[in-house]
Amino acid sequence: MDNSHKTQKGGVMSGFKSFTPLAQSLPASVPFVGPETSERASGKLFSARIGANENGFGFSPIVQKTIEEEAHLSWRYGDPESFDLKNAISAKLGVEFNQIVVGEGIDSLLGLMVRMIVEPGVPVVTSIGAYPTFNFHVTGFGGQLHAVPYKDDREDLGALLDKVRETKAPLVYFANPDNPMGTWWSSEDIVEFAKNLPATTMLILDEAYVEMAPEEAVPAMTAFLDMPNVVRMRTFSKAYGLAGLRVGYVIGQKDTIAMFERVRNHFGMSRLSQKAALAAINDDAWLEKVLGLISNSRKKIEKIAENYGFKAILSATNFVTIDCGRDGDYARNILKELMDRGIFVRMPGVAPLDRCIRVSVGPDEEIDRLAAALKEVVAQIN
Ligand SMILES: Cc1ncc(COP(=O)(O)O)c(C=O)c1O
């Protein structure tokens, strides 16, 4: 095979020569291979879609109705200010309108924040095995990642702080609750961490799973009022079940938020996404119901894990990370066997977290299929 068009890192070199050296040097890998890609590769559809931390319970009937009513107006661009949605978020959280920016999911907003801070060679701090899409953006802008290990299956706030001080990084990423472990820190610990950061270091506090977290894990909206170097990122993809519509937002001091206006894709938010998110945030009754379903599903997954001698790690999210009790190869084997049986689950990418598999909550039928498949897999591999 002719490999002359391959870069050292496995990227494909285009015949077009004017891409930046940085773009040409990037690896061709993506942070997550989608379940659809796996389905195409295997030629089989998954019977349980419980791997991407989507919300298998879907969105509220009011959102459904809104989408049906509004779809025909999708010939229009969305409001570039997401005015109504921002107003609703502002009212719900008790923060000012100009303390919020809406974007195409946290994934996109992470990219914007990185773009504003990271140039080639700039150090950035995160945890080994933390959310890979953040790393993807940092690498994409030429940043130098410095990652510290988890401690007791939680991100290690002390080690993150030490690494920031050592590298003088202007950006640090921390998710609470965390993905992929589902663990969390208390709000006091997080506020203390933020206060100890140099004023020149921006903290991205990724709160993708915040709606599922216990109150003690969620700093008050006033906690970072005097800190221009903290942003909180939230999403409609998890508790609200709108992953496919791509709606996220950032909360921060207004001057920090104003910076997003300089780089964001002003017409990135579709009209339908804005309408659906607005309907979702106004439907508290559904949110409460779905949080109950999530909590029950988590318990069900925990029980299944325990039935097979595994340990479920206590989770504040819509997934349960299951410690399979041995090394990464063992967990990877379980994952592969589950995938081969039509069960889409994922696992952390690096040791020692990769002794686990990660199962998203979902409707009972899908979790029952997981249980049946796990029974076979455990019998086969032990
Ligand atoms: C920690 C974390 N941040 C962000 C996201 C993605 O959020 P969004 O769908 O808003 O891009 C995820 C999704 O899995 C996540 O786990």
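## Ligand shell, sheets and domains in a predicted model

The ligand is surrounded by 13 residues, the closest of which are Gly 105, Asp 107, Asn 179, Thr 235 and Ser 237, where a residue is near a molecule if its C-beta atom, placed from the backbone, lies within 6 Å of it. The structure is a predicted model, in which local features need pLDDT of at least 70 and side-chain atom pairs count only at pLDDT 80 or more, while totals for chains, interfaces and linings use all residues. Residues are numbered from 1 along each chain as its sequence is written.

Helix α5 (residues 105-117) contributes the largest share of the shell around the ligand, three residues; helices (H or I, at least four residues) and strands (E, at least two) are DSSP runs, numbered from the N terminus. By class, the shell holds five nonpolar, six polar and two charged residues, with Ala, Val, Leu, Ile, Met, Phe, Trp, Tyr, Cys and Pro counted as nonpolar, Asp, Glu, Lys and Arg as charged, and the others, Gly among them, as polar.

**The seven-stranded sheet**

Seven strands form an open sheet of mixed pairing, in the order β2-β8-β7-β6-β5-β3-β4, two strands being paired if DSSP finds at least two bridges between them. Its edge strands are β2 and β4, each of which pairs on one side only, and neighbouring strands are turned by 20° against each other on average, direction ignored. Helix α5 packs on this sheet, touching β2, β5, β6, β7 and β8, and its direction makes about 155° with that of β7. Helix α7 (residues 157-167) also packs on the sheet, where it touches β3, β4 and β5 and makes about 170° with the direction of β3. Contact between two residues requires their C-beta atoms, placed from the backbone, to lie within 7 Å; axes are lines fitted to C-alpha atoms, for helices over the stretch in contact, and angles run from 0 to 180 degrees between N-to-C directions.

Several strand pairs, from this sheet and from the three-stranded one described further below, are listed here with one facing residue pair for each.

| Strand pair | Sense and bridges | Facing residues |
|---|---|---|
| β2 (100-103) and β8 (248-252) | antiparallel, four bridges | Val 101 and Val 250 |
| β7 (230-235) and β8 | antiparallel, five bridges | Arg 232 and Ile 251 |
| β5 and β6 (202-206) | parallel, five bridges | Tyr 173 and Ile 204 |
| β10 (319-323) and β12 | antiparallel, five bridges | Phe 319 and Ser 360 |

Strand β8 is largely enclosed by the rest of the structure, because five of its five residues are buried; a residue is buried if 20 or more other C-beta atoms lie within 10 Å of its own, exposed if 12 or fewer, and partly exposed in between, with C-beta atoms placed from the backbone. In a regular strand the side chains alternate between the two faces of the sheet. On β8, Gly 248, Val 250 and Gly 252 lie on one side, Tyr 249 and Ile 251 lie on the other, and all are buried. Strand β2 likewise has both faces covered, with Ile 100 and Val 102 buried on one side and Val 101 and Gly 103 buried on the other. Gly 103 has Gly 248 of β8 as its bridge partner.

In helix α6 (residues 132-140), the buried residues include Phe 134, His 137 and Val 138, and the elements covering the buried residues of α6 include α5, β3 (123-127), β4 (144-148) and β5 (171-175). Just after α6, Gly 142 takes a positive phi of about 85°.

**The three-stranded sheet and the domain contact**

A further open sheet has three strands in the order β9-β10-β12, with antiparallel pairing. Its edge strands, β9 (311-313) and β12 (356-360), each pair on one side only, and the twist averages 30° from one strand to the next. Helix α11 (residues 284-307) packs on this sheet, touching β9, β10 and β12, and its direction makes about 150° with that of β9.

The domain assignment, which is automatic or comes from a database, gives domain 1 (29-57 + 286-381) and domain 2 (61-281). Their centres, taken over C-alpha atoms, are separated by 25 Å, and the contact takes 23 residues from domain 1 and 25 residues from domain 2. On the side of domain 1 that touches domain 2, α11 gives the most, with five residues, and that side comprises 14 nonpolar, seven polar and two charged residues by class.

Ile 294 is placed in helix α11 and counts as buried because it has 24 C-beta neighbours inside 10 Å. Not counting residues up to four places away in sequence, Ile 294 touches Met 212, Asn 318 and Val 361.
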